[in-house]
Structures are given as structure tokens and as C-alpha cells.
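Trainee: Please take a close look at the backbone of one loop residue. Then place that residue in the wider fold, in one connected answer.

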Amino acid sequence: MKSDAEIVDIARSLRRRCIMMCRGRGQGYVGQGLALADLMAILYFDEMRRDGGAELIDRLVLSTGHSAIALYSVLGELGEYTDDELATYGMDRSRIEESPLAGLPGFLVTGGSLGQGLSQAVGFAIGDRIRGSEARTFCLISDGELQEGQTWEAIMSGGHFRLGSLVLLVDNNRMQADGDTVEIMNVEPIEAKLEAFGWSTLRVDANDVPALRAALATTRAVSNRPYALVCDTVPGKGAATIEGFQRTHYVRAGDEVWANALADVQ
Ligand SMILES: Cc1ncc(C[n+]2csc(CCOP(=O)(O)OP(=O)(O)O)c2C)c(N)n1
Ligand SMILES: [Mg+2]
């Protein structure tokens with residue numbers, strides 16, 4: 001098991017990778033990548049189990065396709081993609097698409113059309129039960145995806161089938177493409193709604209590594225119902241330059257901004 005300090009170091013490296021990916025073209029979903037770096041570092045470098053051959057036993061279903069940058073940075077850290085290839089993020093003819101396709105190494109589902117991933121995660125979890133597999137399925141969705149009807153069908157299924165191997169991670173950054181989630185269509189109170197569908201819930205500051213690790217440990221202790229962590233995140237976390245932007249759903253900026261952001265993450 002890695003120490004909190006080691007996880008924080010990995011998260012810092014992931015943040016730098018996210019910024020460098022966006023720097024190539026001067027744009028991208030850097031706010032989400034930075035916000036999710038702590039969660040991704042914990043998941044991929046501690047929480048998700050691997051077999052002897054270092055293949056993942058547990059899985060992450062990334063429903064929020066545009067947050068793929070957070071997973072690319074992990075895959076770069078693990079050596080799945082080279083830095084040169086990751087620098088082609090979002091460019092024509094690159095396979096490092098802003099919203100990736102299922103089958104790309106490291107990605108289980110196509111997520112660009114939002115609101116579908118939790119249904120697929122429910123399917124994976126039911127499949128594991130049928131096969132007698134011990135695998136756990138984590139599914140990352142955004143607060144905006146809680147506005148999608150399909151997400152609630154999946155939440156109802158997860159509760160009905162008592163999918164104890166399923167952990168929903170809600171990237172609750174309180175924003176969406178067009179503004180503040182509370183203004184566009186409020187999704188709160190998230191825990192009360194999920195609990196009414198038969199889920200266990202916990203809200204956590206997902207930019208606090210020890211708190212997040214403790215929250216994930218709590219999810220392991222419940223096996224007869226699915227668990228949802230409401231992950232409060234700060235867009236652009238860790239790079240003051242990006243955190244200070246008014247709108248961080250998608251950032252387009254000149255090279256100086258990216259250089260400053262990189263300097264922020266030391
Ligand atoms: C089904 C679907 N509807 C609409 C969109 C257009 N869209 C792209 S990003 C986005 C915002 C969704 O909110 P959230 O995922 O919370 O965004 P973030 O917090 O990352 O800014 C929308 C509506 C989409 N990709 N898929
Ligand atoms: Mg959001």
C-alpha cells in the first residue's frame with residue numbers, strides 16, 4: 001500500500017501531464033483533469049487490484065467521456081502511452097481523442113454521449129456476479145450526468161439488484177458546460193435521492209487524499225448494496241492559474257497560461 005505522500009506525488013505528476021497534454025493544441029478539459037487527479041491516483045495506484053501480471057482485476061467505467069484526460073494522464077504515468085503521443089491530445093488523426101472510443105487501450109466504453117456509462121457499469125457488475133468474479137466496478141459520472149434519465153434507470157437497477165461490487169463516483173464539481181449545475185438543473189440532494197434507490201452514500205472532499213482513501217475503504221465494507229461517493233471536486237485544482245478561470249468546462253489559452261499552470265504544479 002502506498003503512503004498518502006506517495007499518492008500526492010503521483011497526483012502531482014498526473015496534473016503536470018494533463019497540462020502538458022493541453023499545451024500542445026492550447027486547449028482541452030484541463031479543469032476536469034486537474035480536479036480528478038487525486039481520485040485517479042488513488043484508484044489506479046492503490047485501490048484497484050491487479051493480478052500477478054499487473055492486469056487490472058477491478059475496473060473503471062469512465063462515463064464522462066470528456067474527462068478522459070484524467071485517465072490518459074494515468075495511462076501515460078503507467079507507460080501505456082508515450083508523452084509524445086499524449087501531446088497529440090485532440091489533434092486531427094490522433095487516437096488521443098478528447099472523448100475516447102471504447103477499445104482504445106485503457107478505455108472500456110465510449111463516453112462522449114453522456115449519461116450511458118452507469119448502465120454499462122451495472123452490466124459489468126451483473127456479469128461478474130453471474131461468473132462468480134470478485135471484481136469491483138467503479139464508475140465515474142459527472143454531476144451533469146445526473147440530469148440524464150438513463151442514469152436514474154441505472155441507479156434503480158443497481159439498487160434493485162443489490163450490486164455490492166459497484167461503486168459510483170460522482171464528480172460533483174457543481175458546473176456543467178453552460179454554467180452552474182444549480183442554476184441549469186439542480187441535482188442535489190444527491191445522497192438522499194440515491195439512498196431512496198437503495199444505495200449507500202458518502203460525500204467526500206475528493207481533493208483531500210487521506211479523506212478520499214478513507215471513503216473508498218468504507219465502500220469495501222459494504223457488499224449487499226451499491227455504494228455512491230459524492231466526490232466534491234474543485235475544477236483546476238492544484239494549478240492556481242486554471243482554478244482562477246471563471247469558466248473551466250473547456251479551457252482555450254495561450255502558451256503563457258500553460259507555462260504558468262505548469263509552474264503552479266510543483
Ligand atoms: C447526451 C449528451 N447531451 C449533451 C452533451 C453536451 N455536453 C457536453 S459536456 C456537457 C456538460 C455536462 O456537465 P458535466 O459533465 O457536469 O460537465 P463538467 O463538469 O465537466 O463541465 C454537455 C451538456 C453530451 N455530450 N451528451
Ligand atoms: Mg460537472
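**From one loop into the fold**

Mentor: Arg93 sits in the loop between α4 and α5 (117–131). Helices (H or I, at least four residues) and strands (E, at least two) are DSSP runs, numbered from the N terminus. This is a predicted model: local features need pLDDT of at least 70, side-chain atom pairs count only at pLDDT 80 or more, and totals for chains, interfaces and linings use all residues. Residues are numbered from 1 along each chain as its sequence is written, while chains are lettered from A and ligands numbered from 1 in the order in which they are written.

Start with the backbone. Arg93 has a phi near 70°, a positive value in a residue other than glycine. Arg93 counts as exposed because it has 5 C-beta neighbours inside 10 Å. The cut-offs: buried means 20 or more other C-beta atoms within 10 Å of a residue's own, exposed means 12 or fewer, and partly exposed lies in between, with C-beta atoms placed from the backbone.

Now compare Arg174. Its phi is also positive, about 60°, and it is not a glycine. Arg174 belongs to the loop between β4 and β5 (175–176). It has 16 C-beta neighbours inside 10 Å, so it counts as partly exposed.

Two other backbone features deserve a look. Gly79, just after α3, has a positive phi of about 85°. Glu188 and Pro189 are joined by a cis peptide bond, with omega about 0°. Pro189 is in the loop between α7 (181–185) and α8 (190–196).

Next, go inside. Helix α3 (residues 68–77) has nine of its ten residues buried, so it is largely enclosed by the rest of the structure. Among the buried ones are Ile69, Leu71, Tyr72 and Leu75. Their cover includes α1 (4–25), β1 (27–28), α2 (30–47), β2 and α4 (83–86). So the α4 that precedes the loop of Arg93 is also part of the cover of α3.

Strand β3 (residues 137–142) goes further. Six of its six residues are buried, so β3 is largely enclosed by the rest of the structure. Side chains in a regular strand alternate between the two faces of the sheet. In β3, Thr137, Cys139 and Ile141 point one way; Phe138, Leu140 and Ser142 point the other way.

β3 has partners. Strand β2 (residues 59–62) pairs with β3 in the parallel sense over four bridges; pairing requires at least two DSSP bridges between the strands. Arg59 has Thr137 as its bridge partner in β3. Strand β4 (residues 166–172) also pairs with β3 in the parallel sense, over six bridges. There, Phe138 stands opposite Val167. Helix α6 (residues 149–160) joins β3 and β4 in a right-handed β-α-β unit. Right-handed means that, with the strands pointing away from the viewer, the path from the first strand over the helix to the second runs clockwise.

Then the ligand. Which residues are closest to ligand 1? They are Ser142, Gly144, Gln176, Ala177 and His249, out of 16 that surround it. A residue counts if its C-beta atom, placed from the backbone, lies within 6 Å. One of these, Ser142, is a buried residue of β3.

Finally, the whole protein. It has eleven helices and nine strands. Buried residues make up 47% of its 266 residues. The C-alpha trace spans about 50 × 45 × 35 Å along its principal axes.

Technical notes
Contact = placed C-beta atoms within 7 Å.
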